[in-house]
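Morning, everyone. I have one model to show today. Let me put it on the screen.

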Amino acid sequence: MPGAPVQSLSDIEKIRYSRHLRLPQIGEAGQQRLKNARVLLIGLGGLGSPAALYLVSAGVGTLGIAETDTVARHNLQRQILFREDDIGISKLTAGMAALHALNPHVSLVSHPDGLTSDNALSLFSSYDVILDGTDNFPTRYLANDAAFFARRPLVHGSIFQFEGQTTLFDTPKGGPCYRCLFPEMPNPASVPTCEQAGVFGALVGVIGSLMAMETIKLITNAGESLRGRLLMHDLLAGRVRTVRIQRNPDCPLCGQTPHITNIGAANYVYDSCNTAISENGLPNMENIPLEITCEEAQEWLARPVPPLLLDVREIDEVAICKIGQARHIPMDAVPEHLKTLPTDTPIIVHCHHGGRSMRVTQFLRTKGFAKVTNLKGGIDRWATACDPSMARY
Ligand SMILES: [Zn+2]
């Protein structure tokens with residue numbers, strides 16, 4: 001990192017990192033920058049495991065890990081840092097032992113209190129770059145806000161079932177933050193967790209490795225950063241794409257008139273008033289399920305006043321197949337079309353398999369659209385269960 005003294009590499013380290021040293025984009029200078037870098041990882045779970053393994057084997061000088069959880073049997077399907085014998089012991093204890101065995105040249109620092117609104121700013125300020133490997137919204141929003149106030153780049157990864165997203169939120173260099181995309185924290189009860197929705201094990205390997213990659217690129221100045229770009233993986237479909245993301249002038253944190261001015265604990269407790277029943281007695285979001293099946297969607301669409309069916313796929317996907325009455329707005333264009341969406345008519349959002357549309361459903365709910373639901377399994381499920389004549393991809 002700029003300004004920090006550069007530590008030279010020992011002969012043993014030069015052998016260990018020789019394949020890095022041969023890469024012109026890394027070289028000895030880049031490897032020394034890695035050795036000099038202080039990286040903080042929030043969460044040692046599905047994303048944190050591969051991220052930590054690659055950062056430590058790459059020779060990051062100091063890796064801090066904030067984690068409070070213990071290893072459970074159901075973690076072992078994807079949290080590749082842990083073994084059967086680790087069940088029941090703290091992830092920090094088990095993980096630090098495994099990481100130290102992998103590379104004793106790395107200084108590991110444990111933060112067993114995890115990330116809290118009390119410690120976030122001082123913790124972030126003592127590291128050069130932060131990785132968010134969390135799986136819950138309060139910590140994700142806290143990490144985002146603390147990174148903004150501490151002026152630190154935040155490597156972001158998130159996953160849902162077979163789909164994952166990776167980016168670099170680098171607000172000190174003018175990039176957007178997480179709240180530019182999702183301004184307010186959704187009701188945690190309205191968003192399915194990995195426990196409820198399931199998660200594909202190898203997906204977190206892909207996204208966690210990309211987070212390590214992005215961190216190493218940032219430290220070594222190699223290649224083209226994901227700053228301002230969201231890298232999206234749909235592993236079930238075998239598709240990868242990148243969308244541009246920009247700072248949102250209305251962002252409550254980094255926008256022109258922000259209302260979040262500190263990281264007080266109250267900002268990371270979901271305000272249940274957001275789901276109160278509206279004055280006109282219309283059903284609130286809790287009366288509209290978060291997801292409906294294609295059979296239910298068909299029934300809703302056959303009503304005298306049908307809901308709006310919103311297709312958030314890309315145009316090339318729509319060219320392959322579409323559900324007749326659907327309105328098409330690609331996912332990344334939804335924020336700029338909010339004023340064109342009805343607030344008094346239910347909205348069914350769909351994509352290919354249900355991952356992107358779930359994110360749009362969550363986003364619209366945070367923007368006050370109370371009657372929004374996700375089409376479970378997306379158009380692919382529709383094609384197999386409701387319309388076998390439809391083309392699939
Ligand atoms: Zn922002």
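I'll take the sheet, then the helices on it, then two backbone angles. Keep in mind that this is a predicted model.

Start with the sheet. Eight strands form it, and it is open. The order is E3-E2-E1-E4-E5-E6-E7-E8, with mixed pairing. At the edges sit strand E3, residues 107-111, and strand E8, residues 239-244. Each of those two pairs on one side only. On average, neighbouring strands are turned by 15° against each other, ignoring direction.

Now one pair in detail. Strand E6, residues 163-169, and strand E7, residues 229-234, run antiparallel. Four bridges join them. Which residue of E7 is the bridge partner of Thr166? Leu231 is.

Next, the helices. Helix H5, residues 91-102, packs on the sheet and touches E2 and E3. The direction of H5 makes about 175° with that of E3. Helix H7, residues 137-150, lies across E1, E4, E5 and E6. Relative to E4, H7 runs at about 165°.

Last, the backbone angles. Most residues other than glycine have a negative phi. Gln161 has a positive one, about 55°. Gln161 is in the loop between E5 and E6. Why does Gln161 count as partly exposed? Because it has 19 C-beta neighbours inside 10 Å, and buried would take 20 or more.

Asn221 also has a positive phi, near 60°. Look for Asn221 in the loop between helix H10, residues 201-220, and E7. With 13 other C-beta atoms within 10 Å, Asn221 is partly exposed; the cut-off for exposed is 12 or fewer.

Conventions. Residues numbered from 1 in each chain as written. Predicted model: local features only at pLDDT ≥ 70, side-chain atom pairs only at ≥ 80, totals over all residues. Pairing = 2+ DSSP bridges. Axes fitted to C-alpha atoms, helices over the stretch in contact; angles between N-to-C directions. Contact = placed C-beta atoms within 7 Å.
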